[in-house]
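Biologist: I have a model open in front of me and would like to learn how to read its contacts and its surface. Could you walk me through it?

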Amino acid sequence: MNKQEYTVKSSLIEANELIKEVLSDKSKLSPRELAEKVGQKLWLAAEILGIELD
């Protein structure tokens, strides 16, 4: 697995984990903080894959 593949995979896994924490009421993040963190992970993955999210 190359560095870009690893970054995409880890970003998507981290975004998924953040969402699961919120759904299970285990998150200490506010909805805004969650949205920002998940958004960062998704944008990073999309950028590497060449997908425009606008």
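**Reading salt bridges, helix packing and a surface patch**

Modeller: Gladly. Let's start with one contact: Glu14 and Lys41 form a salt bridge, with their closest N and O atoms 2.5 Å apart. The pair ties together distant parts of the chain, since Glu14 sits in helix α1 and Lys41 in helix α2, 27 residues apart. Keep in mind that this is a predicted model.

Biologist: How many salt bridges does a search of the whole structure find?

Modeller: The search finds three. To count, a side-chain nitrogen of Lys or Arg has to lie within 4 Å of a carboxyl oxygen of Asp or Glu. Besides Glu14 with Lys41, Glu17 meets Lys20 at 3.1 Å, N to O, and Glu36 meets Arg32 at 3.3 Å.

Biologist: Where do Glu17 and Lys20 lie?

Modeller: Both are in helix α1, three residues apart, about one turn of the helix. Glu36 and Arg32 are separated by about one helical turn because they are four residues apart in helix α2.

Biologist: Which of these side chains should I call exposed, and which partly exposed?

Modeller: Exposed means over 50% relative accessible area, buried means under 20%, and partly exposed is in between. Arg32, at 63%, is therefore exposed. Its partner Glu36 is partly exposed at 39%. In helix α1, Glu17 has 36% and is partly exposed, and Lys20 is partly exposed at 43%. For the pair that links the two helices, Glu14 is partly exposed at 36%, and Lys41 is partly exposed at 24%.

Biologist: How do I describe the way helix α1 and α2 pack?

Modeller: Look at the angle and the distance between their axes. Helix α1 (residues 3-23) packs against α2 at about 155 degrees, with the axes 9 Å apart. Angles over 145 degrees count as roughly antiparallel, so α1 is roughly antiparallel to α2. The crossing of α1 past α2 is left-handed.

Biologist: And the surface: which residues form the nonpolar patch?

Modeller: For a patch like this, look for nonpolar side chains with over 30% relative accessible area that lie within 5 Å of one another. Here the patch consists of Leu12, Leu42, Trp43, Leu49, Ile51 and Leu53, which together have about 560 Å² of accessible area. Helix α2 (residues 31-49) gives the largest share, three residues.

Biologist: Is Leu49 buried or exposed?

Modeller: Leu49, found in helix α2, counts as exposed because its relative accessibility is 53%.

Notes:
Residues are numbered from 1 along each chain as its sequence is written. This is a predicted model: local features need pLDDT of at least 70, side-chain atom pairs count only at pLDDT 80 or more; totals for chains, interfaces and linings use all residues. Side-chain values use heavy atoms; hydrogens and water are left out. Patches are made of residues with over 30% relative accessible area and no salt bridge: like charges are joined within 9 Å, nonpolar side chains (Val, Leu, Ile, Met, Phe, Trp, Tyr) within 5 Å. Accessible areas come from the Shrake-Rupley method with a 1.4 Å probe; for residues, only the protein chains shown count as cover. Helices (H or I, at least four residues) and strands (E, at least two) are DSSP runs, numbered from the N terminus. Buried means under 20% relative accessible area, exposed over 50%, partly exposed in between (1.4 Å probe, protein chains only). Axes are lines fitted to C-alpha atoms, for helices over the stretch in contact, and angles run from 0 to 180 degrees between N-to-C directions. Angles under 35 degrees count as roughly parallel, over 145 as roughly antiparallel, 65 to 115 as roughly perpendicular and the rest as oblique. A crossing is left-handed if the near helix is turned anticlockwise from the far one by less than a right angle, and right-handed if clockwise.
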